Amino acid sequence: MARGTLSEDVQAQIKQLILERRLTPGDPLPTEAELVALLDVSRNSVREALKALQAMRIVEIRHGFGTYVGPLTLEPFVEGVAFRAAVRHHQGESSLYELMEVREALESGLIAAVARDLPPEDLAALKGLVDRMGEEAAAGQVNRSTDRAFHLALYRSLGNQLLSDVLDAFWDALRRVSDDLADGPRDPRVTHHQHAEIVAALEDGDGDRAVEAMHRHFGDIRRRLAE
């Protein structure tokens with residue numbers, strides 16, 4: 001068996017072991033020697049597979065202590081998306097624009113569901129963030145951390161952790177790429193107004209208006225990127 005294929009096979013077996021034993025992040029894996037015996041492969045094959053799985057955040061190797069189930073974050077996905085977008089940008093392609101389109105599709109497709117049943121505490125949190133945006137806009141710039149907090153809080157009521165992770169991953173990828181590519185100036189008053197429009201629609205329970213407000217928000221961003 002080719003070395004690359006063997007390593008991939010051992011990785012698959014270790015992932016299957018994690019599933020079969022119902023291990024969760026932080027749980028210890030069998031020792032290296034135990035994995036060698038269990039999987040009937042060489043020590044080098046086990047080490048190579050574990051290093052690859054560590055790069056994917058599936059396992060965590062703690063030298064001197066053992067190997068544990070990793071945090072299972074989407075960080076490798078974020079790194080891949082951000083790097084792909086940067087490379088494609090330098091080739092003259094509209095990679096940042098495409099990332100924004102994907103994020104718009106996700107958020108505009110979910111906002112109506114939020115409008116149908118937004119808990120009072122979440123509405124209050126969103127209003128507080130819009131107020132903070134207003135203060136920051138008056139000072140000359142809406143902080144990215146405030147903008148990010150708004151969009152993450154927006155979908156909290158849906159109770160979908162994977163959704164939150166994916167949206168946060170796209171946000172992080174966009175941030176990393178736009179830091180490198182400089183996506184142009186933005187009027188902080190417009191940012192504040194657009195987010196206030198979204199919250200006003202949610203407060204009225206008007207899903208259609210919330211979708212329209214979300215599209216306007218992203219439409220402004222897409223226009224700036226196109227320029």
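User: Let's start with the charged side chains. Which residues are linked with Glu32 in a network of salt bridges?

Analyst: Glu32, Arg43 and Arg47 are linked in such a network. Please keep in mind that this is a predicted model. A search of the whole structure finds eleven salt bridges.

User: How should I read a single pair, say Glu203 and Lys127? What distance separates N and O there?

Analyst: The general idea is to look at the distance and then at where the two partners sit. The side chains of Glu203 and Lys127 meet in a salt bridge at 2.6 Å, N to O. Glu203 belongs to helix α9 and Lys127 to helix α6, so this pair ties together parts that are 76 residues apart in sequence. Glu203 is partly exposed at 43% relative accessible area, and Lys127 is also partly exposed, at 33%.

User: Which partner does Arg62 have, and how far apart are the closest N and O atoms?

Analyst: The partner of Arg62 is Glu60, with the closest N and O atoms 3.6 Å apart. Arg62 has a relative accessible area of 31%, so it is partly exposed. Glu60, at 32%, counts as partly exposed too. You can set that beside Arg189 and Asp187, whose side chains meet in a salt bridge of 2.9 Å, N to O. There, Arg189 is exposed at 59%, while Asp187 is partly exposed at 30%.

User: Now to the nonpolar side chains. How many residues does the largest nonpolar core have, and which have the most contacts inside it?

Analyst: First the general idea: in soluble globular proteins, nonpolar side chains tend to be buried together. In this model the largest nonpolar core has 38 residues, and those with the most contacts inside it are Ile111, Leu126, Phe150, Leu154, Tyr155, Ile198 and Leu202. Helices α4 (75–90), α5 (95–116), α6 (120–139), α7 (144–154), α8 (161–181), α9 (188–203) and α10 (207–226) each supply at least two residues of this core. There is also a second, separate core of 15 residues, which includes Val10, Ile18, Leu35 and Ala49.

User: Which residues does Leu202 touch, leaving out those up to four places away in sequence?

Analyst: With those left out, Leu202 touches Ile111, Val114, Ala115, Leu118, Leu126, Leu154 and Ala210. Both Ile111 and Leu126 are also among the residues with the most contacts inside the largest core.

User: Let's look along α5. Which of its residues are buried?

Analyst: A general point helps here: an α-helix has 3.6 residues a turn, so residues three or four places apart point the same way. The buried residues of α5 are Ser95, Leu96, Leu99, Met100, Arg103, Glu104, Glu107, Ser108, Ile111, Val114 and Ala115. You can follow that spacing through Leu96, Leu99 and Arg103, which are part of the buried set.

User: Where is α5 kinked, and by how much?

Analyst: The kink is about 30 degrees and is centred on Leu110. It is worth checking the length as well. At 1.5 Å a residue, the 22 residues of α5 should span 32 Å, and the end C-alpha atoms are 33 Å apart, which agrees.

User: Is Ser108 buried or exposed?

Analyst: Ser108 has 11% relative accessibility, so it counts as buried. This serine is placed in helix α5. For a polar side chain in such a position, look for a partner: a polar atom of the Ser108 side chain lies 2.6 Å from the backbone oxygen of Glu104. Apart from neighbours within four places in sequence, Ser108 is in contact with Val211, Met214 and His215.

User: And the backbone? What is the phi of Asp40?

Analyst: In general, most residues other than glycine have a negative phi. Asp40 has a positive phi of about 60 degrees although it is not a glycine. Asp40 is found in the loop between α2 (32–39) and α3 (43–55), and at 70% relative accessibility it counts as exposed. Arg57 is another case, with a positive phi near 65 degrees. Arg57 sits in the loop between α3 and β1 (59–62) and is partly exposed, at 26%.

User: One last residue: is Phe83 buried or exposed?

Analyst: Phe83, in helix α4, is exposed, with a relative accessible area of 61%. The C-alpha atoms of Phe83 and Asp204 are separated by 40 Å, and these residues are 121 apart along the chain.

How values were computed. Residues are numbered from 1 along each chain as its sequence is written. This is a predicted model: local features need pLDDT of at least 70, side-chain atom pairs count only at pLDDT 80 or more; totals for chains, interfaces and linings use all residues. Side-chain values use heavy atoms; hydrogens and water are left out. A nonpolar core is a set of buried Ala, Val, Leu, Ile, Met, Phe, Trp, Tyr and Cys residues joined through side-chain atoms within 4.5 Å. Buried means under 20% relative accessible area, exposed over 50%, partly exposed in between (1.4 Å probe, protein chains only). Helices (H or I, at least four residues) and strands (E, at least two) are DSSP runs, numbered from the N terminus. Contact means heavy atoms within 4.5 Å. A polar contact is a pair of N or O atoms within 3.5 Å; within protein, one must be able to donate a hydrogen and the other to accept it, and residues adjacent in sequence count only if both atoms are side-chain atoms. The expected span of a helix is 1.5 Å times one less than its number of residues. The bend at a residue is the angle between axes fitted to the seven residues ending there and the seven starting there. A salt bridge is a side-chain nitrogen of Lys or Arg within 4 Å of a carboxyl oxygen of Asp or Glu.
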